[in-house]
Amino acid sequence: MFGGKIGAPEIILILVVIILLFGAKKLPDMARSLGKSARILKSEAKAMKEEGKNSTQASGSTEQSAAQRTIQAAPGDVSSSRPVNEPTDSAQR
């Protein structure tokens, strides 16, 4: 019934349906916001990976600095950057 192959006619049909549903004016904005979300996700994953490496290296020390870091969005988009306070001990909340 449904072939496993997607060719050029199927892709063109899907693109036409998407343009009809969302409108040609909204597609660039949607792509831009999707790109911003992907950059934020990538930077957060990198920060978590670095944090994991740092915590395994400094697991013996009891004094860790509570440095404040900022989540960066797209370049030039200063409205969505925000400082993040990360508690070092659950008893201090």
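Okay, let's start where the helices touch: Ile-18, Ile-19 and Phe-22 in H1 meet Lys-26, Leu-27 and Met-30 in H2. Keep in mind that this is a predicted model.

So how do the two helices sit against each other? Two packed helices are described by the angle between their axes and the distance between the axes. Here H1 and H2 pack at about 100°, and their axes are 9 Å apart. That makes H1 roughly perpendicular to H2, because anything from 65 to 115 degrees goes under that label.

Let me step back to the whole chain for a second. We've got two helices and two strands, and if you read along the sequence, the order is α-α-β-β. The chain has 93 residues, and just 6% of them count as buried. Its accessible surface comes to about 8400 Å², with 61% of that belonging to carbon and sulfur atoms. As for contacts, take the ones between residues at least 6 apart in sequence: 30% of those join residues at least 24 apart.

Now, back to H1, and to the surface. There's a nonpolar patch there, made of Ile-6, Ile-11, Leu-13, Ile-14, Leu-15, Val-17, Ile-18, Leu-21, Phe-22 and Met-30. Together those residues have about 950 Å² of accessible area. Which element gives the patch its largest share? That's helix H1, residues 8-22, with eight residues. You'll recognise a few names from the helix contact, too: Ile-18 and Phe-22 on the H1 side and Met-30 on the H2 side are also on the patch list.

Take Leu-15 as an example from the patch. Leu-15 is in helix H1, and its relative accessible area is 48%. So that's partly exposed, since exposed would need over 50%. Patch residues need over 30%, so Leu-15, at 48%, is eligible on that count.

Last stop, charges. Side chains of opposite charge can pair when their charged atoms come close. How many salt bridges do we get in this model? The count comes to one. Arg-32 pairs with Asp-29, with the closest N and O atoms 2.8 Å apart. Both residues lie in helix H2, which covers residues 26-57, and they're three residues apart, about one turn of the helix. And Asp-29 is partly exposed, at 45% relative accessibility.

So, to recap: H1 and H2 packed at about 100°, a nonpolar patch that draws its largest share from H1, and one salt bridge, with both partners in H2.

Terms used
Residues are numbered from 1 along each chain as its sequence is written. This is a predicted model: local features need pLDDT of at least 70, side-chain atom pairs count only at pLDDT 80 or more; totals for chains, interfaces and linings use all residues. Side-chain values use heavy atoms; hydrogens and water are left out. Patches are made of residues with over 30% relative accessible area and no salt bridge: like charges are joined within 9 Å, nonpolar side chains (Val, Leu, Ile, Met, Phe, Trp, Tyr) within 5 Å. Accessible areas come from the Shrake-Rupley method with a 1.4 Å probe; for residues, only the protein chains shown count as cover. A salt bridge is a side-chain nitrogen of Lys or Arg within 4 Å of a carboxyl oxygen of Asp or Glu. Helices (H or I, at least four residues) and strands (E, at least two) are DSSP runs, numbered from the N terminus. Buried means under 20% relative accessible area, exposed over 50%, partly exposed in between (1.4 Å probe, protein chains only). Contact means heavy atoms within 4.5 Å. Axes are lines fitted to C-alpha atoms, for helices over the stretch in contact, and angles run from 0 to 180 degrees between N-to-C directions. Angles under 35 degrees count as roughly parallel, over 145 as roughly antiparallel, 65 to 115 as roughly perpendicular and the rest as oblique.
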